Amino acid sequence: MLVLAGSVRIDPAKRDDVIETTIEVMQETRKLPGCISFTFSADLEDQGVLHVFQEWESPEALDRHLTAPRVEAVRLQLGSLGVREIAIQRYAIQSVGPIV
């Protein structure tokens, strides 16, 4: 399993447009084979930050997502959407279980 977690810094003035686009991306991505979870969430204190959390069954599933034409189309829109910085880390998970 792979986990991707991090944040996206955006222009607060374009926040509504970014959220609208992000909702569409989340809805479509969650339908993909190998996608366990895919979430963007708005920071409660900083209007210029979105948090990212994704879980993928395998590197191949993630690669299929990242190389899809739909993802490339969104990448081309990043500047016009006011995306300033993307900081996402990839974690390879060996096992998963409850903490209690």
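Leaving aside neighbours within four places in sequence, which residues is Leu 2 in contact with? Select Leu 2 in this predicted model and display its surroundings: Gln 54, Glu 55, Trp 56, Ser 58, Pro 59, Leu 62, Arg 90, Tyr 91 and Ala 92 are in contact with Leu 2.

**The nonpolar cores**

Extend the selection to the largest nonpolar core, which has nine residues. Leu 2 belongs to this core, together with Leu 4, Val 25, Met 26, Cys 35, Phe 38, Trp 56, Ala 61 and Leu 62. Strand E1, helix H1 (15–29), strand E2 and helix H2 each give two or more residues to the core. A second, separate core has six residues, among them Val 8, Ile 10, Leu 50 and Leu 81. As a general rule, nonpolar side chains in soluble globular proteins tend to be buried together.

**Strand E3 and its partners**

Next, select residues 49–56, which form strand E3. Six of the eight residues in E3 are buried, so the strand is largely enclosed by the rest of the structure. Now add strand E1, residues 2–10, which runs antiparallel to E3 and is joined to it by eight bridges. Within this pairing, Gly 6 has Val 52 of E3 as its bridge partner.

Strand E2, residues 35–42, should be added after that; E2 and E3 pair in the antiparallel sense over seven bridges. Here the bridge partner of Cys 35 is Trp 56 in E3. Follow the chain from E2 to E3 and a hairpin of six residues appears as the connection.

**The aromatic residues**

Keep E2 and E3 on display and turn to the rings. The whole structure contains two aromatic pairs. One of them is formed by Phe 38 and Trp 56, in an edge-to-face arrangement with 6.4 Å centre to centre and 80° between the planes. Because Phe 38 lies in strand E2 and Trp 56 in strand E3, this pair ties together parts that are 18 residues apart in sequence. Add Phe 40 to the selection: ring pairs link Phe 38, Phe 40 and Trp 56 into a cluster.

Are Phe 38 and Trp 56 buried or exposed? Phe 38 has a relative accessible area of 3% and is buried; Trp 56, at 0% relative accessibility, is buried as well.

**Helix H2**

Move to helix H2 (59–66) and colour its buried residues, Ala 61, Leu 62 and His 65. These residues cover an arc of only 95° around the axis, which puts them on the same side of H2. With the surrounding elements shown, the buried residues of H2 can be seen to pack against E1, H1, E2, E3, H3 and strand E4 (83–92).

**Two threonines**

Select Thr 67, located in the loop between helix H2 and helix H3 (69–77). Thr 67 counts as exposed because its relative accessibility is 63%, above the cut-off of 50%. A polar atom of the Thr 67 side chain lies 2.8 Å from the backbone oxygen of Asp 63. For a sense of distance, select Glu 20 too: C-alpha to C-alpha, Thr 67 and Glu 20 are 22 Å apart in space, and they are 47 residues apart in sequence.

The last stop is Thr 21, in helix H1. Thr 21 has a relative accessible area of 16% and is therefore buried, since the cut-off is under 20%. Apart from neighbours within four places in sequence, Thr 21 is in contact with Gln 77 and Leu 81. Leu 81 also appeared earlier in the tour, as a member of the second core.

Key:
Residues numbered from 1 in each chain as written. Predicted model: local features only at pLDDT ≥ 70, side-chain atom pairs only at ≥ 80, totals over all residues. Heavy atoms only, no water. Buried < 20%, exposed > 50% of the residue type's maximum accessible area, 1.4 Å probe, protein only. Helix = DSSP H or I, 4+ residues; strand = E, 2+ residues; numbered from the N terminus. Pairing = 2+ DSSP bridges. Polar contact = N/O pair within 3.5 Å; in protein donor to acceptor, adjacent residues only side chain to side chain. Phe/Tyr/Trp six-rings, centres within 6.5 Å; stacked < 30°, edge-to-face > 60°. Core = buried A, V, L, I, M, F, W, Y, C linked by side-chain atoms within 4.5 Å. Contact = heavy atoms within 4.5 Å. Arc of directions from axis to C-beta.
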